[in-house]
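Here are some short exercises to work through with the structure open beside you. Try each one before reading its solution.

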Amino acid sequence: MIRPRLHDHALRWGARALGSTPSVVLRAVNGRPVVVDGCTLHPAVQASLRVMNDAPGARFELLPVEAAREHIEREAWTFASTLRLAQRDDIVIPTRSGSVPGRVYRARTYGAASGTVVYFHGGGWVLGSVDSADATCRTLADSSGLTVVSVGYRLAPEDPFPAGLEDGVDAFRWVRDNAARFGSRASTVGVGGESAGGNMAAVVSAVTRADAEGSPAFQILFCPVTDLSRKHRSYELFADGFFLTEAQMDWYAAHYLGDSGRRDDPLVSPLLADDVSGLAPAYVAVSGFDVLRDEGVAYARRLEAAGVPTTLVTHADQIHGFFNACGALRDARTAVADAGRWALATLAAAPAGDAR
């Protein structure tokens, strides 16, 4: 947990003010809109990028890992939500290698919870924490009534692939097997995540597909990494200047894979799996201005072709990771809430006793 400085408080106030400024005013200040591949950048995001791209630490791939981690945590705090929940508890989640930290979010309407989301934060398997995912998890719990269990899995380069993934698999299985503790049933526990966390949610769904105790009931994938084996066209379109850069993805992948991971391993690149049939219903949300956009779309289409119930949502005017900006952007809060409502509808439509 960072200690906010006066500068951080000023940036947080500015982000909220920017997010509430009428678009017509922002368009006048921004000048010519940014249009790429038929998508027009949201005026508040366009204005934010001017500040973010010039901020110290914006090229965090050039920094020591610890400095990069601090930069991401401060940035997340700037855009974080201040929603008050009925309950937010820090817990310890047992794993095959020991334990990892977790955080449980229960909505103000807790008591009627119909399901649980095991949530994995973003940050390229190198950065991020339960703190950086706080805004998304708060909003998801508050808007849906679902219980959210955020997982602080191990990070590279200290613990490269498959350490973090093993933590994710173990965390899902532990929550599923202790579902009553979270006001749920094993058959109503799903997974979710953003960016690298979206990758983890997708792979956890595949790894646990044949579990006798039950696989995830659903998977929420926000701008997921699905294919490190090649760079899709969106890498060329949005290589630099739109928050997540091509250079940063290269830095992330090098740290995560270490000496033993392979980019074409389906446990790294779920788009390359031989068979994706029978996986949990999926909600795949991508941003229009994101290097990961096209591989996210490709994964959604692969799932759909395999008969997996899939909802693909494209936030055409947004950048990577905007789902975390719930404290500043109404669109971010709406995007996260929409995913929660989809999860509730998916659970309601599932046959009674469905193991997934």
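**Exercise 1.** Does D90 count as buried or exposed, and at what relative accessibility?

*Solution.* Keep in mind that this is a predicted model.
- Start with the cut-offs: under 20% relative accessible area is buried, and over 50% is exposed.
- D90 comes out at 56% relative accessibility, so it counts as exposed.

**Exercise 2.** Find the salt-bridge partner of D90 and work out which parts of the chain the pair ties together.

*Solution.*
- Look at the side chain of D90: it meets that of R103 in a salt bridge, 2.7 Å from N to O.
- Next, place the two residues. D90 sits in strand β3 (residues 87-95) and R103 in strand β4 (residues 98-106), so the bridge ties together parts that are 13 residues apart in sequence.
- Now check the partner's surroundings: R103 has 6% relative accessibility and counts as buried.
- Finally, widen the view. D90 and R103 belong to a network of salt bridges that also links R88, D131, D134 and R138.

**Exercise 3.** Set the salt bridge of E66 with R69 beside that of R96 with D170, and say where each pair sits in the chain.

*Solution.*
- Take E66 and R69: their closest N and O atoms are 2.8 Å apart.
- Both residues lie in helix α4 (residues 65-78), three residues apart, which is about one turn of the helix.
- E66 is exposed, at 52% relative accessible area, while R69 is buried at 13%.
- Move on to R96 and D170, whose side chains also meet in a salt bridge, at 2.8 Å from N to O.
- This pair links distant parts of the chain: R96 is in the loop between β3 and β4, and D170 is in helix α6 (residues 163-177), 74 residues away.
- D170 is buried, with a relative accessible area of 13%.
- For the overall tally, the structure holds 26 salt bridges.

**Exercise 4.** Trace the eight-stranded open sheet and name the helices that pack on β8.

*Solution.*
- Walk across the strands in the order β3-β4-β6-β5-β7-β8-β9-β10; the pairing is mixed.
- At the edges you'll find β3 and β10 (310-319), each with a single partner strand, so one side of each has no neighbour in the sheet.
- Zoom in on β8 (residues 219-222) and β9 (residues 282-289): they run parallel and are joined by four bridges. L221 stands opposite V284 in β9.
- Add the helices. Helix α10 (residues 293-305) packs on the sheet and touches β8, β9 and β10, making about 155 degrees with β9.
- Helix α7 (residues 196-207) lies across β5, β7 and β8, at about 150 degrees to β7.

How values were computed
Residues numbered from 1 in each chain as written. Predicted model: local features only at pLDDT ≥ 70, side-chain atom pairs only at ≥ 80, totals over all residues. Heavy atoms only, no water. Salt bridge = Lys/Arg side-chain N within 4 Å of Asp/Glu carboxyl O. Helix = DSSP H or I, 4+ residues; strand = E, 2+ residues; numbered from the N terminus. Buried < 20%, exposed > 50% of the residue type's maximum accessible area, 1.4 Å probe, protein only. Pairing = 2+ DSSP bridges. Contact = heavy atoms within 4.5 Å. Axes fitted to C-alpha atoms, helices over the stretch in contact; angles between N-to-C directions.
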